[in-house]
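Colleague: I would like to go through this protein with you and test the labels you put on it. Show it to me, please.

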Amino acid sequence: MAGYFITFRSSYIKSNWSWRLPWLVQLIVSILFLFSVCFLPYSPRWLISQGRESEGLMVLAKVHGLSKNHWLVQKEYKEIRLQTEADRKNANEQNYAQLFKVPNLERTLLAFFISIATCFTGNVVISYYAPHIFKNAGLDDVSISLALTGGIGLLSLIANMISLKWWDPLQLHGQSVPMSIQQRYSA
């Protein structure tokens, strides 16, 4: 959302900075994000699988915002430990090639399809070409077109927030929809 409105405000600049400013802001934010990733904790599952159980438990507690003795943290910790122990006993190797083998292939293809399918909905194309579409519709002012494009992005954000709010209460065979999907595609 910030990108839409930075682009809108920079459209009033009457120099090369009208396009350089949004590009520069994106570059700075990307560099800050890349730098901040270095401070993210390791995955609790990875830590526990590497024998670093206490660190994994601490990360779980931090992620949930609870103490390490809370029942929810302990339950998830035990589930992860049981799963990693079962993987060790069954000598399950964990590498990226496993994503393309039979038990995981359907999940991998589903993930690929969902990410690609969002591009086929036309949402990205409309967002990208919206200023030109508005201009062809008779709105000749570039700033108004950019503001309307930001409005479309804001409307999309609100619609996504509403759908996520209503997503969990929906029931499918006595379970919430996300749980049904998770059970369908979990081992």
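Modeller: Start with a definition. A patch is built from residues with over 30% relative accessible area and no salt bridge, and nonpolar side chains are joined within 5 Å. Keep in mind that this is a predicted model.

Colleague: Which residues make the nonpolar surface patch?

Modeller: Tyr96, Leu99, Phe100, Leu105, Leu109, Phe112, Ile116 and Phe120. Together they give about 900 Å².

Colleague: Why is Leu99 called partly exposed?

Modeller: Its relative accessible area is 37%. Buried needs under 20% and exposed needs over 50%. Leu99 falls in between, so it is partly exposed. The residue sits in the loop between helix H5 (71-89) and helix H6 (102-120).

Colleague: And Phe112, another patch member: what makes it partly exposed?

Modeller: Phe112 has 42% relative accessibility. That value lies between the 20% and 50% limits, therefore the label is partly exposed.

Colleague: Let us turn to the rings. How many aromatic pairs does the structure hold?

Modeller: There are 3 aromatic pairs.

Colleague: Why is the pair of Phe35 and Phe39 called edge-to-face?

Modeller: Two tests apply. The ring centres are 5.2 Å apart, and a pair needs centres within 6.5 Å. The planes stand at 75 degrees, and over 60 counts as edge-to-face. Both tests are met, so the name holds.

Colleague: How do you know that Phe35 and Phe39 are exposed?

Modeller: Phe35 has 54% relative accessibility. Phe39 has 60%. The cut-off for exposed is over 50%, so both qualify.

Colleague: What makes the pair of Phe100 and Phe112 stacked?

Modeller: Their centres are 6.4 Å apart, which is within the 6.5 Å limit. Their planes are at 25 degrees, and under 30 counts as stacked. This pair links distant parts of the chain: Phe100 is in the loop between H5 and H6, Phe112 is in helix H6, and they are 12 residues apart.

Colleague: Now the fold. What is the pattern along the sequence?

Modeller: The order is α-α-α-α-α-α-α-α-β-β-α. That comes to 9 helices and 2 strands.

Colleague: What share of the residues is buried?

Modeller: Of the 187 residues, 17% are buried. The accessible surface is about 14,600 Å², with 67% of it belonging to carbon and sulfur atoms.

Colleague: Where does UniProt list "transmembrane region"?

Modeller: The unreviewed entry lists residues 23-42, 109-130 and 142-162. In the model, residues 142-162 are 100% helix and 0% strand, with end C-alpha atoms 30 Å apart. Residues 23-42 are 75% helix and 0% strand, with end C-alpha atoms 31 Å apart.

Colleague: Why is Val25 called partly exposed?

Modeller: Its value is 27%. That is not under 20% and not over 50%, so Val25 is partly exposed. Val25 belongs to helix H2 (residues 17-37). Its C-alpha is 9.9 Å from that of Ala2, with their positions 23 residues apart in sequence.

Colleague: What makes Gly51 partly exposed?

Modeller: Gly51 has a relative accessible area of 45%. Exposed would need over 50% and buried under 20%, so Gly51 is partly exposed. Gly51 lies in the loop between helix H3 (44-49) and helix H4 (53-64). Gly51 and Arg81 are 30 residues apart in sequence, and 9.7 Å apart from C-alpha to C-alpha.

Notes:
Residues are numbered from 1 along each chain as its sequence is written. This is a predicted model: local features need pLDDT of at least 70, side-chain atom pairs count only at pLDDT 80 or more; totals for chains, interfaces and linings use all residues. Side-chain values use heavy atoms; hydrogens and water are left out. Patches are made of residues with over 30% relative accessible area and no salt bridge: like charges are joined within 9 Å, nonpolar side chains (Val, Leu, Ile, Met, Phe, Trp, Tyr) within 5 Å. Accessible areas come from the Shrake-Rupley method with a 1.4 Å probe; for residues, only the protein chains shown count as cover. A salt bridge is a side-chain nitrogen of Lys or Arg within 4 Å of a carboxyl oxygen of Asp or Glu. Helices (H or I, at least four residues) and strands (E, at least two) are DSSP runs, numbered from the N terminus. Buried means under 20% relative accessible area, exposed over 50%, partly exposed in between (1.4 Å probe, protein chains only). Rings of Phe, Tyr and Trp (its six-membered ring) pair if their centres lie within 6.5 Å; planes under 30 degrees apart count as stacked, over 60 as edge-to-face and the rest as tilted. UniProt positions are given in the numbering used here, feature names are shortened, and annotations may be inferred rather than shown by experiment.
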